[in-house]
Each structure stands twice: as structure tokens, then as C-alpha cells.
Amino acid sequence: MTTSPVLGRTFLHLLVNTAVAGLTTSYLWFGLTFWAYLETRSVLATGIIGGAYMLLVSVSSILFGSVVDHHRKIVVMRFSTVVTLTLFSMACLFYLAVPEESLTDLGEPWFWLLALLILAGSVVEHMRNIALSTTVTILVPDAHRARANGLVGTAQGITFMATSFLSGLSIGLLGMGWTLGLATGVVALGLLHLLTVRMPEEPVPAAQMAADTAAAGGGPAAAAGGGSGIDLRGSLLVIRASTGLLALILFSTFNNFIGGVYMALMDPYGLELFPVEVWGAVLGVASLGFIIGGAVIAKVGLGRQPVRTLLLCCAAMGVLGALFTVRELWWLYAVGIFLYMCLIPAVEAAEQTVIQRVVPLERQGRVFGFAMAVETAAAPLTAFLIAPLADRWIIPFASSPEGQRALEPLLGTGTGSSRGIALVFLVAGLIMALVALLALASPAYRDLARTYVRAAPPPEDEEGSAGGRGSDAEPGDAAEPSPSAAGQVVTSASGAAATAVLSFLDVESEDQVATPADVETGAGTDGQRRGGETPRHG
């Protein structure tokens, strides 16, 4: 694999593997959504599926963040893949065991049980995303993290492009059964590759490192990073100590609240305009915007103030979301989605870059998990609200003669379903743009901008602070750490059963894990020792 001299081989292997995992789970989730709408023609069903997915992500993210902090990141990624593979395999067997006419009857429990297995397997994959965000801190110097996050956005764009295209073709040509089988097989191949990847840059989890330092007299700041369990209170304290960070998370939460509208209704609108195979292709081509946006960030970064970039992009996204359905024109919708997706990588990379700088490494998994939990909690609330509202009242009103006369001057002519959804998109987009502009003028924005600048590392540390090694280091360049007992490899945060699986998956533990004594005497990397330092803003 050709590697970047800044990012290194380990990060690129993890990035590609996580991108393939995201492709597989999204491929199956999109396929489920397409299949559900085509078989039932129910906006309510697609809204519940989308909302349930986001709700499961929200409920599980804080736990996922704690698991990431207290275990080696490569082990977490393997564990997540094993769980996903198990759930997808169960879904395959369930699909084969239940007649299809029963699966598509929303009045029976079988459709909802199949959806739950698929969504749960997809949700567990988000543990890998949290782990990948923290590996950026471990493996990439501060000065290059915005670009690394942009590269993550590019990979996600490639994934989304392939997902939407392949999902539409798969459901249209092969059906749900083959879609399930293909997804399960790719997950199994991804696990085999992940078992070959080594990450010696992190011999001991940062949270465990901080706990060991605190036990040796490292002080309360170190102890704050090493608490076991979910430790929501400690993560909230770190967020509040970084002035303005809580406001950023709350803004992203509101932004996702509006985004739930698009999550619930974008596919039904597209399927009103296109056959399912064509709609999948349109989404695939439009998602080139995701790739282009991520590539631009990877090339030029986010500027000196990532938060300002985030807010301006959110305002632009609101305007686009309001306008891309004002007329029932396929090209207007496709171009609008393309431009909208160009902006998403900048928004996501900006938030990640800020957290990676202002939050101590030993807390980042839990802070990323907390942010994901509260931000994604908003979207299912909107989806659960707007889907039945649109299905029962807005679309019937737009289909009626009086509704058509009232909406035609603003939204033109078209089917009742498309004009009703267009009305919802118009209102939601204008609200998003207005709130983003108000946030740009707020004191919280100025506070966070100052916090971000103050948290910058000294100039001499920027190029070599990732893992304490040169930015072009390869896995084989790491100093050979001392072996340790199995009990020192993993600090459990999720129960004895999960710990046993995680320990089993830590295949390089015998020859690559440093002992606490190594840490205290300075063995291991500078980036690992930084896990026990006193946070600058917490």
C-alpha cells in the first residue's frame, strides 16, 4: 500500500478497513430502507427504520466511547467486527426461515425483528468510527489532523457513493436475500484483514496509562483521565472545562435535529422521481460531492478557525436544503444533493479536529461517544415526528385541490407526495441556515475559537508529537516494548464476556504490550506518556 509520509501505513490500513466496514453496513442499511419502501410504500416504515438506527447509535455511543478509551483501538475494531458479523449472520438465517410475504407485512413482528438485527449490526460498526477518530490523535501530528480528518471524509464519500449505487442495484436486481448474504461475506473478509494489522504505537490504552500515573502520584488531572466505566460525569467536566466545546456539541445536536427531516424523507422523495436502480445511481453520482469536499479538506485543511468553517458550511447547507426541491426537477434535486454533500466533510472534520486538540487523549473516546450520543439523539426524534406528520397530514394536504392551489406559487406543480415533502424541506432548511448565522455571532463561538488557539501544541512538537515518533514512522519502527501479563493488556469497561473476547482478539499482546513499569520509567512513546499529563484545559 502506498503511504503518505505524514499519515503512515498503520493509519491508512485502519482507514481503508473502516471505510470498507462502513460501506458494508451502509450498503445493507440502505438496502433495507429501499426494500422496505418498495414492498410497503410506507413513509412511516422508512421513517421508523431511520429513526431507530439513529436512536440505537445515540443510546450506545457513550458506552462505545468508554470501551474505546479503556481498550487498545485495534482490539476494539476487531471486537466490533465480530459482533457485526454475528448479527448479520443471524439476519441471514432469519430471512431464510421466514416466508417473504410474512416479512413484508408491517402488522407482523417478523419485518421489525429482521430490521432490528440489521440495524444493531450496523450500529456496532460506529464503535470503529470512534476508535478511528482517536487513532488520528495517536498516529497523526496536530498540524496535519485537519487534513487527516478530511481524508476520512473522502473515504466516507467513496463509501457513500458505492453504497447508494450498489444498494439500489442490489435490491432492484438481486433482492434482499442476496444483499444480506453479500454484506455478511464482506464483513467476514474485513475481519480477516483486520487480524493482520498491528498498532504498536499504542501498547497500553491511554485511560489505563492515566490511571497508572494517578496511582503513582500523578495528581487529580491524571486520575480524571483514567476512571473506569462509562464515567459520564468525568467526560462532562472535561467538555465544560474546554470553553465553548459544549456549545459546539449543542449546535451540532440542533443541526442533527433538522437533519432528521432529510433522513426521514430524502429517500421517499428520490423514489418518487426515479426507479430504485436509478435512484441508487443518482445518489452514487451525487455523493462525489462527499469525495470532493473531503479531498479539498485533505489538501488545504480547515483554515485557522475550524469552528467558523463549520458554521458557514451549515448555513450554506440550510440554504441548499431549502431550495433543492422547490420544483419537481430531477436535476435540481441531484445537483442540490451533490453540493450539500460537498459541505458535509468540512462540518464533520471541523468538529473532530477541535475535539482532538482540546480534549486529552485518555478522554477522547468518551467525549466523541458523548458527542455522538447527544447529536444523533436529535435526528430520530425528528424522524419519528416528521414521518407520521408528513404521511398523515402534510402529504394529504399537498395532494388535495386546495393544497395544490396554495403551494403552487411557492413550490410549483407535481405529485402530492413530492410537493408535501418539498414544503417540509423548505422550512427545515431555512431554520438551519438562520440558526447557523446566529451561532456565528454568539459569544460561545468566540470563546471556543480562543480555546482552540490556546490549546495548540508548541511549534517544536507539531511535527513529531503523534505517538512521539516521526510523522513518517511505520509500525516496524516502534521500539520493542516489554511483554506483560495478560491482565495488563485490557482494562475491562464492558463486562467479563466482552473482556474475554477483546483479550482473545488482542493477537499481538504477547510481544507488543508495554507494562506499567515501562511507562513510569519512560519506555514507550512520547504520545503514550502524554496520556498521563495534566490537560491544558481540564
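How many nonpolar, polar and charged residues are in the lining of the second largest pocket? I will come to that by way of the salt bridges. One caution at the start: this is a predicted model.

Salt bridges, then. Searching the whole structure turns up five of them. I will talk about three.

Asp-69 and Arg-366 form one, with an N to O distance of 2.6 Å. In sequence these two residues sit 297 residues apart, and the pair links distant parts of the chain. Asp-69 belongs to helix α2, residues 43-70, and Arg-366 to helix α17, residues 361-399. Are the two partners buried or exposed? The cut-off for buried is under 20% relative accessible area. Asp-69 has a relative accessibility of 2%, so it counts as buried. Arg-366 comes out at 1%, and therefore Arg-366 counts as buried too.

The next two share an acid, Asp-142. Its salt bridge with Arg-357 has an N to O distance of 2.8 Å. This is again a link between distant parts of the chain, with 215 residues from one partner to the other. Asp-142 lies in the loop between α6 (126-139) and α7 (145-174), while Arg-357 is in helix α16, residues 330-358. Asp-142 also forms a salt bridge with Arg-145, where the closest N and O atoms are 3.5 Å apart. Taken together, Asp-142, Arg-145 and Arg-357 are linked in a network of salt bridges. As for accessibility, Asp-142 and Arg-145 are buried, and Arg-357 is buried as well.

Now the pocket. The second largest pocket has a volume of about 300 Å³. Its lining consists of 17 residues, and the closest to the pocket centre are Asp-142, Ala-143, Gly-303, Arg-357 and Tyr-452. Two names on that list have come up already: Asp-142 and Arg-357, whose side chains meet in the 2.8 Å salt bridge.

Where does the lining come from? Helices α7, α16 and α20 (443-454) each supply at least two of the lining residues. By domain, at least three lining residues come from domain 1 (7-201) and at least three from domain 2 (231-455).

That leaves the opening question. The lining of the second largest pocket has eight nonpolar residues, four polar residues and five charged residues.

To recap: there is a buried pair, Asp-69 with Arg-366, and a salt-bridge network of Asp-142, Arg-145 and Arg-357. Asp-142 and Arg-357 are also among the lining residues closest to the centre of the second largest pocket.

Notes
Residues are numbered from 1 along each chain as its sequence is written. This is a predicted model: local features need pLDDT of at least 70, side-chain atom pairs count only at pLDDT 80 or more; totals for chains, interfaces and linings use all residues. Side-chain values use heavy atoms; hydrogens and water are left out. A salt bridge is a side-chain nitrogen of Lys or Arg within 4 Å of a carboxyl oxygen of Asp or Glu. Helices (H or I, at least four residues) and strands (E, at least two) are DSSP runs, numbered from the N terminus. Buried means under 20% relative accessible area, exposed over 50%, partly exposed in between (1.4 Å probe, protein chains only). On a 1 Å grid over the protein atoms alone, a cavity is a set of points where a 1.4 Å probe fits but cannot get out, and a pocket is an open set with protein on both sides within 12 Å along at least five of seven lines; lining residues have an atom within 4 Å of a point. Grid points are joined across faces, edges and corners, and a volume is the space filled by probe spheres set on the points. Ala, Val, Leu, Ile, Met, Phe, Trp, Tyr, Cys and Pro count as nonpolar, Asp, Glu, Lys and Arg as charged, and the others, Gly among them, as polar. Domain bounds come from an automatic or database domain assignment.
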